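Colleague: I would like to go through the labels on this model one by one. For each, tell me what earns it.

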Amino acid sequence: MLRMEKAEGGLSSKRRRDNPNDRTDIVFSWSLHVIFNENLYHDQVETIPETFKSVRHYLGSCVYPLLEETRASLCLSLENISLLPFTEITDFVECNRSGNSYAFKAGRWRNESNTRGKETYKTLPGDILFLTDAKLATVTDLERSGRRWAFASVRMIGGDDEEDEAMSSTKFKVEALLDHEVNNSWKPMYAYFLINIATNGRIWNALHMSLNLDMVKEVLCPDLVVRLSLLKHRTIVCAPTNVAIKEVASRVLKLLKESESGISTVTESLLSYFGNMLIFGNKRRLKVDSDIEEMYLEHRVDCVAECFSKDTSWHQCLTSMIDTLAHCATVQPLRRCLFIFCTHISRTNFQNITSLLTLLDSFKTLLCGEKLNSEKMEITLSRDELSLFSFEMSVDPLYNLHMKRQECLSMLLTVCDSLKDLKLPNYASKAMIANFCYGHLYSVEMEPLNSLVIDEAAQLKECESVIPLQLPGVKHLILVGDECQLSAMVESKVSSRASFGRSLIERLSSLGYSKQLLDIQYWMHPSISLFLTSNLYQNQILDGPNVKTKSYRKSHLPWPMFGPYLFINILDGREEIGDDGCSLRNPVEVEVISRILRNLYRAWDGSEEDLTVGVLSPYASQVAAV
């Protein structure tokens, strides 16, 4: 969406009025004065109560806190606009046949690392951009000069052949609702990234939808005891961070591989059956690697595309193998195609494919074991009745080879028919294949989606958990998290006082739901865990046997002060603004850390022992300096 305004508030765009609950219409109706008004929703934001009259009352209690949180986020970004990622707009064109859509072409993004300590900025759908016709040092520059400005919401990202994957997109589209009679001559020159409202948009939609409120009703009922069983149930797992999602996905994949480690035959052990699992999202942010690649959507599409291409399609490979065994024709690479199907497409008839591959391996072994000239090869692969009769009536060693060929042909036809039953697509477009992979998984004939697992649930706002709770069919909910760890971040003081950052775990605890405490920790040395378990967990957390062993304590540096933990007070340290102009760093602390790391490396080098070191800091500039 695009909202255009003169700095003194003289112009406003035409807005849609067909949906009074449209969040974008509300947000983009704000002027700069409104955004900087900390009391805008002071009277509407009420403390989210402990109990509710109805589900509508429950969902509605989060609406104004969500709007206030969005306002606070925009305000914080606008206050630091000179430090935000920005780009110069080189082209701004209305898209034909696209209603209010505009195509942007921009130069290289500047200040890419200045996203409040987060990762390097990359344009994404849901980004809110602040468009101006001048480069800004502060927002007050607009007020002094009376220049025009506009809000824009990115809808689609376009590729740029000159950029690598790590760089921000410089081609994108926004949906615009401009008053052409007034603003047709105005062209934006600069775009500043403010915030991404994709998550807030999902929350808003969940608060105003009624897809499946049964689970929400049960969550609000203090007398309900939920008994969970995930056996043979379709399950969806979500989490607030990409790190958590990747960790869960990699562990599930590892468990599945371990469960198949006892397969008897060599052929079966080489096959993987991951078609019923799928992970999708931004590849760079998920940091997709070999741990989860086999279930990542884009990788799956690349693999499956081979089986639909003109030269290596699955049907051509199967037909080629049938012709080879029947008429000595040239064989196409069938094996890889079958392996791809087993790994990436659910509902594939694995047993038939396994049997076929085993038969082909046996046929190959027999064929290599016999020294056949061209005449014997022709007789062996012949369907002539006389030849068949001579095989059956003799003890010719080629008889076994001939019969194995017949078994292979029969199984090839069976596999061909079973793959046709899957209604596999006949196209090579990666976008269409992606839709097939996702849609095919969702149409699997099994129990409907009824189990929801939310990892790191204590870091989610309660209203964020409502999004997956409304998925059709959800009956069982598992929340995994720790109330003693950091909760969800809320930037607005008004929303924070209204308990907007409270998690669903906290609410269920207040309603008397029982919790299962995972009471053994396997990570920290007992000297470290002692403080945490005594001060936060009432001494209920036990140390696992692995952390109690003598070898668990690392002692690479000889000095007595380097025990399991150590606090160092830097008396002469001084803080300064980092290169990003926003975050802090302390050069003296950086030097102390560097010396410890150098000494640690020297002590470890040559020891043949695995060693990993993590350096943490709440300041992005400090991390960069280290």
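**Labels and their cut-offs**

Modeller: Start with helix α20, residues 462-469 (helices are DSSP runs of H or I, at least four residues; strands are runs of E, at least two; both are numbered from the N terminus). Seven of its eight residues are buried, so α20 is largely enclosed by the rest of the structure. Buried means under 20% relative accessible area, exposed over 50%, and partly exposed in between, with a 1.4 Å probe and protein chains only.

Colleague: Which residues of α20 are buried?

Modeller: Glu 462, Cys 463, Glu 464, Ser 465, Val 466, Pro 468 and Leu 469. Before we go on: this is a predicted model, where local features need pLDDT of at least 70, side-chain atom pairs count only at pLDDT 80 or more, and totals for chains, interfaces and linings use all residues. Residues are numbered from 1 along each chain as its sequence is written, and side-chain values use heavy atoms, with hydrogens and water left out.

Colleague: How do you know that Cys 303 is in no disulfide?

Modeller: A disulfide is a pair of cysteine sulfur atoms within 2.5 Å. By this rule the count is zero. For Cys 303, the nearest cysteine sulfur belongs to Cys 307, 8.4 Å away. That distance fails the 2.5 Å limit, so no disulfide is assigned to Cys 303.

Colleague: Why does Cys 303 count as buried?

Modeller: Its relative accessibility is 11%. The limit is under 20%, so the label holds.

Colleague: What makes Arg 502 and Glu 50 a salt bridge?

Modeller: The term needs a side-chain nitrogen of Lys or Arg within 4 Å of a carboxyl oxygen of Asp or Glu. Here the N to O distance is 2.9 Å, so the pair qualifies. Arg 502 sits in the loop between α21 (493-497) and α22 (504-510), and Glu 50 in the loop between α2 (32-35) and α3 (55-60), so the pair ties together parts 452 residues apart in sequence. Arg 502 is buried at 11%; Glu 50 is partly exposed at 44%.

Colleague: Which other residue does Arg 502 meet in a salt bridge?

Modeller: Glu 462, at 3.9 Å, N to O. That is within 4 Å, so this pair counts too. Glu 462 lies in helix α20, so the pair ties together parts 40 residues apart in sequence. Both residues are buried. Glu 50, Glu 462, Arg 502 and Arg 507 are linked in a network of salt bridges. The whole structure has ten salt bridges.

Colleague: Why are Glu 247 and Arg 251 separated by about one helical turn?

Modeller: They are four residues apart in helix α9, residues 242-259. They also form a salt bridge, with the closest N and O atoms 2.6 Å apart. Glu 247, at 37%, is partly exposed. So is Arg 251, at 46%.

Colleague: Is Gln 521 buried or exposed?

Modeller: Buried, since its relative accessible area is 8%. Gln 521 is found in strand β11, residues 520-521.

Colleague: What makes its approach to Asp 543 a polar contact?

Modeller: The term means N or O atoms within 3.5 Å; within protein, one must be able to donate a hydrogen and the other to accept it, and residues adjacent in sequence count only if both atoms are side-chain atoms. The side chains of Gln 521 and Asp 543 are 2.6 Å apart, so the distance fits. The Gln 521 side chain also reaches the backbone nitrogen of Met 524 at 2.7 Å.
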